[in-house]
Amino acid sequence: MLAVFDKSVAKSPDALNAPDNPQVVSALKNGFLPNHFASVYPGSVSISLGSSGVMAYSFEKQNPLLPRLFAVVDDIFCLFQGHIENIAVLKQQYGLNKTANEGIIVIEAYRTLRDRGPYPPDQVVRDIQGKFSFIIYDSSSKATFIASDADGSVPFFWGTDAENHLVLADDVETVKKGCGKSFAPFPKGCFFSSTGGLKSYEHPLNELKAMPRVDSSGQVCGATFSVDVEAKKESTGMKKVGSAANWSSNY
């Protein structure tokens, strides 16, 4: 799976930028990275998000134990990889029918956070048990919501291209193609939102700190993020859409 979001929609963390990255390109210009993705994964499907970016997926070369899914509900798009273990419990919790798959469940969880707060987003993501990574794009508000499971069980990478657009994919070579050395594994046990940035849902009261990531050749390649056990922050809830403190502009 692949997603490239314009920096106006999802600004990548500054720490992902490698100090010396001469090979970085513009992932969106002339469809560069989606075209590369299509050449690697024949039969892939690309979804244009207009000026916000692009999403793409393919069922080729996938791990049968960690399948890929694509789902759309109303104006919400979801790329999902992996599986949810407590899927029956979540279907009942969100009032979904028996045919709903993991992508639909994740969309409904996001929509619950967006529309019917206040709910702590860390708890909602933490309630999803299994091996997974997912990318959500809400076209109605031009917002993204991205997460990985607590163990980092699914290969999932992110980076920044020459124009500071956010690139995400389950294939490390695809991310390298668009970001050069400005990439890293997506932090396990974390979620990223357009306005709130990166947060740990396992340790929601702790700040995250970035550490330069050094590859096998000794070059700095992006950054890894870990929980700072000494840095605490105030807990924040998601406020109902339309309220004076709309969560989507504060979290």
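In the predicted model, buried residues make up 51% of the 251 residues of the protein. The secondary structure consists of 5 helices and 14 strands. Among the contacts with a sequence separation of 6 or more, 60% are accounted for by residues that lie 24 or more positions apart. A search of the whole structure for disulfides returns 0, and two cysteines whose accessibility was computed, C179 and C190, are both buried, with relative accessible areas of 0% for C179 and 3% for C190.

Helix α1, which spans residues 32-40, contributes L33, P34, H36 and F37 as buried residues. Viewed down the axis of α1, these buried positions fall within an arc of 160°, and they therefore line one face of the helix. The partners against which the buried residues of α1 pack comprise the strands β1 (2-5), β2 (45-48), β3 (53-57) and β9 (166-169), together with helix α5 (172-179).

In helix α5, the buried residues are T174, V175, G178 and C179. Their directions from the axis of α5 are confined to an arc of 110°, so that these residues, too, line one face of their helix. The buried residues of α5 pack against β1, α1, β8, β9 and β10 (183-185), and C179, one of these residues, has a relative accessibility of 0%. Just after α5, G180 adopts a positive phi of about 60°.

The relation between the two helices can be described in further detail. Two packed helices are described by the angle between their axes and the distance between the axes. The axes of α1 and α5 come within 10 Å of each other and cross at roughly 150°. Since angles over 145 degrees count as roughly antiparallel, α1 is roughly antiparallel to α5. The crossing in which α1 passes α5 is right-handed, and the contact is made by F32, L33, H36 and F37 on the side of α1 and by T174, K177 and G178 on the side of α5. Of the α1 residues in this contact, L33, H36 and F37 also belong to the buried set of that helix, as T174 and G178 belong to the buried set of α5.

Residue H165 is located in the loop between β8 (157-160) and β9. With a relative accessibility of 4%, H165 counts as buried. Although 160 residues separate H165 from F5 along the chain, their C-alpha atoms are 5.7 Å apart. When residues up to four places away in sequence are left aside, H165 touches V4, F5, D6, K7, S12, L28, G159 and T160.

F5 is likewise among the residues touched by T144, which is placed in strand β7 (residues 143-148). T144 is buried, its relative accessible area being 2%. Beyond its sequence neighbours up to four places away, T144 touches F5, V9, A10, I136, Y137, F192, S193 and S194. E207, by contrast, which lies in strand β13 (residues 206-214), counts as partly exposed at 35% relative accessibility. The C-alpha atoms of E207 and F225 are 9.9 Å apart in space, at a sequence separation of 18 residues.

Two lysines deserve mention for their backbone conformation. Most residues other than glycine have a negative phi. K61, although not a glycine, has a positive phi of about 55°, and K142, also not a glycine, has a positive phi of about 50°. K61 is situated in the loop between β3 and β4 (68-73), whereas K142 occupies the loop between β6 (130-138) and β7. In terms of accessibility, K61 is exposed, with a relative accessible area of 60%, while K142 counts as partly exposed at 46%.

Note on methods
Residues are numbered from 1 along each chain as its sequence is written. This is a predicted model: local features need pLDDT of at least 70, side-chain atom pairs count only at pLDDT 80 or more; totals for chains, interfaces and linings use all residues. Side-chain values use heavy atoms; hydrogens and water are left out. Buried means under 20% relative accessible area, exposed over 50%, partly exposed in between (1.4 Å probe, protein chains only). Helices (H or I, at least four residues) and strands (E, at least two) are DSSP runs, numbered from the N terminus. The arc is that of the directions from the helix axis to the C-beta atoms. Contact means heavy atoms within 4.5 Å. A disulfide is a pair of cysteine sulfur atoms within 2.5 Å. Axes are lines fitted to C-alpha atoms, for helices over the stretch in contact, and angles run from 0 to 180 degrees between N-to-C directions. Angles under 35 degrees count as roughly parallel, over 145 as roughly antiparallel, 65 to 115 as roughly perpendicular and the rest as oblique. A crossing is left-handed if the near helix is turned anticlockwise from the far one by less than a right angle, and right-handed if clockwise.
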